[in-house]
Amino acid sequence: MNCLMKSILLQLVLLLAGALAVSCSNRSETGISGVLTGAGDRPLALAHIHLLQPNVNEADSLLLSAVTDSNGAFRLVTEHQGIVKLRCTAPDHSMLDIQPLLLQGRDNISLTIRLGGHRYADRFDSVSLIGDFNNWNWDRALPLLPQPDGRYTLELPATEERFAYQLINVALDKSINGTQSDSFEYDGDGDYRSIVRSEGGRVRIVFDPALLPQSGHEAFVSPLDANRESLLQFADAARRREDNYFMARSQFVLNGHRAESFRWHDAEEFREARAGLEAADGELQQQTALLNYLHLAIFSEEFDTLLVRWAYEEIAPDSYLWSLPERIAIVKLLPWSMTKTGDRQRAWDYLTAVAAEHPDHDVRAHVLYDQLNYADFNRAKDEPQPESFTISIDEARQIYQTLLRDFPDSRFAGTAISYNPDRSIRIGNPIPSFALPAFDDSVAMYDASSSGDRSLLLHFWDPGSPGCVAAIPELIRAHERYGTDSLAILSVALAGNPDELRQFRQEQYAMPWMHSSFKAEESGQVRTLFEIVDVPTLILVGADGIIEASNEFLDKGRLMHLLDTRFHNARRSNEGNSTILGGFKIKPDQKE
């Protein structure tokens with residue numbers, strides 16, 4: 001009897017423990033459920049719901065996914081907390097992303113979703129095929145042949161019974177499944193691949209425009225709760241704001257003005273932002289409204305500093321709001337505040353807290369990288385700063401080592417060498433000794449003395465890179481204005497072959513200055529010597545062989561401004577022999 005009682009009591013204890021464990025785990029879960037349909041609100045034969053964690057400039061991480069049932073119903077349950085993206089997909093439909101979506105646990109989200117149709121091309125005479133046979137390569141796509149009945153066909157050999165393919169130049173700017181399919185598979189990027197069976201080692205693909213589903217029907221998502229809806233509305237407004245700002249800035253430059261002199265201020269948006277703050281109901285809505293004001297202020301010279309400071313008081317360093325997608329530039333608001341609010345010590349401390357406490361590793365790595373940026377003492381600054389905040393070399397070195405140690409696989413670790421406190425290519429250091437073969441003379445070599453008594457601008461580039469090509473007109477302006485007396489340019493191609501470079505200079509830009517050229521596989525030593533992370537890279541060396549400016553701080557329209565400062569105005573900042581950037585001062589006597 002005693003043994004029986006003990007056994008019963010033990011089972012009860014185990015059951016109770018299990019129930020408590022389930023109860024505790026359920027407290028952190030979020031359920032996402034609803035119905036997903038297509039055109040006419042009809043259920044889809046195949047549809048997926050994907051829960052993704054957005055990552056900065058990298059592929060989103062898939063957390064989980066589910067297939068809808070025959071009625072379009074779905075349910076996801078996750079313990080993940082933070083900012084996520086809900087992606088809805090189905091064959092013959094455009095994917096729909098619901099983002100940013102905030103998960104905080106102990107919650108249920110109910111959604112009604114309708115997918116929109118693809119936007120098709122006006123003509124299909126360039127429809128082409130990609131698939132396993134060409135490793136899904138658009139550049140090697142095979143054109144389908146038009147037939148008298150209005151269809152397009154292509155027959156080709158098949159090594160496997162199962163043949164997967166997609167069509168390009170049917171829907172705008174994407175590859176999609178075809179009108180001939182035995183089944184489908186998700187391509188991992190919002191669209192689907194058609195699967196057909198080959199026969200006798202061959203497969204015949206038929207594309208029939210008449211079978212394309214209705215085009216252009218609109219997507220729909222039922223409203224969320226007030227907190228999440230305010231976050232979605234902010235994200236949409238921020239994207240539109242960025243688009244409008246950069247369009248206006250581009251037009252300003254096209255009209256012949258300097259990009260640095262562009263100013264933007266939308267008084268109506270600021271009024272709406274303040275109204276949003278007054279209407280906010282609850283902590284999260286208030287924080288979102290403050291975030292909206294921050295995002296608005298980053299593009300304007302006119303803003304309320306008190307509101308900016310209030311935002312940093314209300315939004316904690318570990319807030320999930322800092323995980324909003326890069327497209328909205330939320331993480332960039334953090335370092336921006338340093339140069340805009342005037343409270344640099346407080347802003348630096350806030351950054352340090354985010355880097356230490358935030359649950360999103362991507363955010364922490366990003367902030368460490370930005371701290372390195374602001375602590376970097378090789379930044380070329382065009383004007384002295386009225387205030388300075390001293391960062392020791394030891395502190396900068398510690399930030400650099402933390403980034404490499406704690407986040408070695410992040411994209412930031414790979415490019416952090418640009419801000420390595422111990423790097424050789426930095427302001428005030430002598431340029432490393434070099435000898436580069438002259439492109440136009442098989443015997444001559446270029447070194448630091450090749451510029452004579454002029455400054456030397458080293459230009460590392462790739463003739464096949466659109467970004468490098470876009471930067472050349474500013475180099476030409478620099479050569480035309482200062483090439484005679486003040487500046488020599490040495491362009492070093494780090495990819496391509498001599499014939500391609502020669503053709504480029506004949507057909508696009510003559511670039512009438514010194515050149516050296518290396519094939520990509522032969523450029524390793526040059527990249528290492530000059531610490532090249534990306535191209536184009538520019539390094540300005542004085543006539544005395546000392547580096548005056550380097551890397552990204554000379555591009556994006558800033559080169560001419562800096563050269564005008566150096567040569568035309570002869571204006572230099574020499575306060576205490578220190579280097580000043582963004583209001584932060586690094587003292588030479590702190591260097592090892």
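**Exercise 1. Strand pairing around β15**

Which residue in β15 is the bridge partner of Tyr152? Determine also how the sheet that holds β15 is arranged.

*Solution.* The structure is a predicted model.

Step 1. Tyr152 has Phe207 of β15 as its bridge partner.

Step 2. This pair belongs to the contact of two strands: β11, covering residues 152-157, pairs with β15 in the antiparallel sense, over six bridges.

Step 3. The wider arrangement is an open sheet of three strands, ordered β10-β11-β15, with antiparallel pairing.

Step 4. Both β10 (145-146) and β15 (202-207) have a single partner strand and stand at the edges, so each has one side left without a neighbour in the sheet.

**Exercise 2. A mixed sheet**

Establish the strand order of the sheet that contains β1 and β7, and identify its edges.

*Solution.*

Step 1. The order is β4-β1-β7-β16, in an open sheet of four strands whose pairing is mixed.

Step 2. The edge positions are held by β4 (73-78) and β16 (220-221); each has a single partner strand, so one side of each lacks a neighbour in the sheet.

Step 3. Within the sheet, β1 (residues 30-37) and β7 (residues 107-114) are joined by eight bridges in the parallel sense.

Step 4. As an example of the register, Asp107 in β7 stands opposite Thr30.

**Exercise 3. Burial of a strand**

How many residues of strand β21 are buried? Describe the two directions in which its residues point.

*Solution.*

Step 1. Strand β21 spans residues 487-493, and seven of its seven residues are buried, which leaves the strand mostly covered.

Step 2. One direction is taken by Leu487, Ile489, Ser491 and Ala493, and the other by Ala488, Leu490 and Val492; all are buried.

Step 3. The strand runs parallel to β20 (residues 455-461), with seven bridges joining the two.

Step 4. In this pairing, Ala493 of β21 has Trp461 opposite.

Step 5. For the protein as a whole, buried residues make up 49% of the 592 residues.

**Exercise 4. Geometry of a helix pair**

Characterise the packing of helices α7 and α8 by angle, distance and handedness, and list the residues in contact.

*Solution.*

Step 1. The description of two packed helices rests on the angle between their axes and the distance between the axes.

Step 2. For α7 (residues 344-357) and α8 (residues 361-375), the axes come within 8 Å and the crossing angle is roughly 145°.

Step 3. The crossing of α7 past α8 is left-handed.

Step 4. From α7, the contact involves Trp348, Leu351, Thr352, Val354, Ala355 and Ala356; these meet Val363, Arg364, Val367, Leu368, Gln371, Tyr374 and Ala375 of α8.

Step 5. Sorted by type, the residues of this contact comprise ten nonpolar, two polar and one charged.

**Exercise 5. The surroundings of Leu277**

Is Leu277 buried or exposed? Locate the residue and name its contacts beyond its sequence neighbours.

*Solution.*

Step 1. Leu277 is situated in helix α3, residues 267-279.

Step 2. Its relative accessible area is 11%; buried means under 20%, so Leu277 is buried.

Step 3. Neighbours within four places in sequence being set aside, Leu277 is in contact with Gln286, Ala289, Leu290, Leu307 and Trp310.

Step 4. Gln287 is ten residues from Leu277 along the chain, and the C-alpha atoms of the two are 8.7 Å apart.

**Exercise 6. Backbone features to check**

Locate two cis peptide bonds and two residues other than glycine with positive phi.

*Solution.*

Step 1. A cis peptide bond leads from Gln99 to Pro100, with omega near -5°. Pro100 is part of strand β6 (residues 96-103).

Step 2. Val535 and Pro536 are likewise joined by a cis peptide bond, and omega is about 0°. Pro536 is in the loop between α13 (524-529) and β23 (537-541).

Step 3. That loop between α13 and β23 also holds Glu531, whose phi is positive, near 55°. With a relative accessible area of 13%, Glu531 is buried.

Step 4. Asp92 has a positive phi near 70° and is placed in the loop between β5 (82-89) and β6. Its relative accessible area is 24%, and Asp92 is partly exposed.

Conventions
Residues numbered from 1 in each chain as written. Predicted model: local features only at pLDDT ≥ 70, side-chain atom pairs only at ≥ 80, totals over all residues. Heavy atoms only, no water. Pairing = 2+ DSSP bridges. Axes fitted to C-alpha atoms, helices over the stretch in contact; angles between N-to-C directions. Left-handed = near helix turned anticlockwise from the far one by under 90°. Contact = heavy atoms within 4.5 Å. Nonpolar A, V, L, I, M, F, W, Y, C, P; charged D, E, K, R; others polar. Buried < 20%, exposed > 50% of the residue type's maximum accessible area, 1.4 Å probe, protein only.
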